[in-house]
Amino acid sequence: MKITRIETHVVNAEMRNWVFVRVLTDQPGLYGWGEATLEWKARAIVGAIADLEPILLGLDPRDIEHAVRAMKKHGFWQPLGVIGMTALSGIEMALWDILGKSLGVPVWRLFGGKVRDRVPIYTHLGLGQMDAVYHSMDASSLVERGLAVKEQGYKAMKVVNVPYTHYTATPSAIDDFVRSMGALREAVGPEIELMVDFHGRCASAGAALSYLRALEPFGVMFAEEPIPPGDVASMKVIADASPVPIAHGERLTSAAEFAPYIEARTMTVAQPDLCHCGGFSEARRIAALAEVAGIGLAPHNPLGPIAGVAALHFDIATPNFIIQEEMTGAVPWYFEVVQGPIERVDGAWQIPHAPGLGVEVDLAVAAKHPWKQEPFPTREAVLPDGTIVDW
């Protein structure tokens, strides 16, 4: 069996352009789907996949580790960076889809089988609709949208309501934050799990800790990415002093990048993104490192339908998995463009049994949503004096 061609199909989903990858083989009707979505970088990803294609043509798609090594080693530039690793990730997912189909088993079987009977999930406000995710800061919008998520049967939700911050947090900003969290917790009740995404908005450990200490009364599952990645020492200070569990890792793109954070125990929960960290193979290495260190996993995934299904297969077979991020409500036609096995029952995804990933893309529907420039939510991440800060 040989790889004969690699295609990309870009689907605009309003705030993101999903990049679907199809790897074709010389076996009639046998191909694999993956996803290589990277926010605001769709054109770069399409180009990167085109650059990787010649390296893979003629290889057996079932020799997945060999193919991954070829993309890493023969591309010369190491590390590949987030664009290169995202392109690689989408291709790697598609190879597992091919392997599962060729053997007639779901991908999760190839990882040693299931370790759970259902996959707990959480979503964002607006059920993942991006405007609601990033523009729900005040108490009234949090409550309204939080109750809507609860009414849909979700048992957990994440909010992005930390104010745009710099190196210090003002008392008024903390008061607003406390007021909105208090209103949300009272509205949804103690039975709903809450998570707070800081989105790397704090530029210092001190600023992050000011908000983290304010979170203690609200019983959150975890606080995510209190500072941007790249500073292991500061993240360690935060993790040691925080009264709530810390989660991060969505912007790390390999086991090597995760390793110093895991060794320093800067997290209670690791958040690899299968679309960015190298696909299934590298995510399983990250999971193993985390498990040895007593760290759980809540994989990052605000992306498209194939990424969601890939996460589902990964979660089924990963012992230290905790909960899965999903955004199946991002656009009304989410389940029209990709037919797949995602089925939510009582706040959890069910176990799929179709061979491979069990997905098929409706290319006619995909063609109705061609690439379009995504809006940039970063325009608002500016302090009153004009300083640009992390959004």
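Is Glu225 buried or exposed? At 3% relative accessibility, Glu225 counts as buried. Bear in mind that this is a predicted model. Here are some notes on its salt bridges and on one helix.

1. Let's stay with Glu225 for a moment. Its side chain meets that of Arg251 in a salt bridge, with 2.8 Å from N to O. The two residues are 26 apart along the chain: Glu225 is in the loop between E7 and helix H9 (232-241), while Arg251 is in the loop between strand E8 (246-248) and helix H10 (255-264). Arg251 isn't hidden like its partner: it is partly exposed, with a relative accessible area of 38%, whereas Glu225 is buried.

2. Next door in sequence is Glu224, which pairs with Lys158 in a salt bridge at 2.4 Å, N to O. Here a strand talks to a strand: Lys158 belongs to E5 (residues 156-159) and Glu224 to E7 (residues 222-224), so to speak a link between distant parts of the chain, 66 residues apart. Both of these charged residues are buried.

3. Now for a pair further out. Arg118 forms a salt bridge with Asp346, and the closest N and O atoms are 4.0 Å apart. Arg118 lies in the loop between helix H4 (107-110) and strand E4 (119-124), and Asp346 in the loop between strand E13 (344-345) and strand E14 (348-349), so this contact ties together parts that are 228 residues apart in sequence. As for accessibility, Arg118 is partly exposed at 36%, and Asp346 is exposed at 52%.

4. Salt bridges can also join up. Glu65, Lys72, Glu282 and Arg285 are linked in a network of them. The count for the model comes to 17 salt bridges. As general background, side chains of opposite charge can pair when their charged atoms come close.

5. Helix H9 deserves a look of its own. Which of its residues are buried? They are Ser234, Met235 and Ile238. Viewed down the helix axis, these buried residues fall within an arc of 100°, so they line one face of H9. On the other side of the helix, Ala233 and Asp240 are exposed.

6. What covers that buried set? The cover includes helix H8 (205-215), E8 and H10. Finally, check the start of H9, where a side-chain oxygen of Asp231 reaches to within 3.4 Å of the backbone nitrogen of Ala233.

Methods
Residues are numbered from 1 along each chain as its sequence is written. This is a predicted model: local features need pLDDT of at least 70, side-chain atom pairs count only at pLDDT 80 or more; totals for chains, interfaces and linings use all residues. Side-chain values use heavy atoms; hydrogens and water are left out. Helices (H or I, at least four residues) and strands (E, at least two) are DSSP runs, numbered from the N terminus. Buried means under 20% relative accessible area, exposed over 50%, partly exposed in between (1.4 Å probe, protein chains only). The arc is that of the directions from the helix axis to the C-beta atoms. Contact means heavy atoms within 4.5 Å. A polar contact is a pair of N or O atoms within 3.5 Å; within protein, one must be able to donate a hydrogen and the other to accept it, and residues adjacent in sequence count only if both atoms are side-chain atoms.
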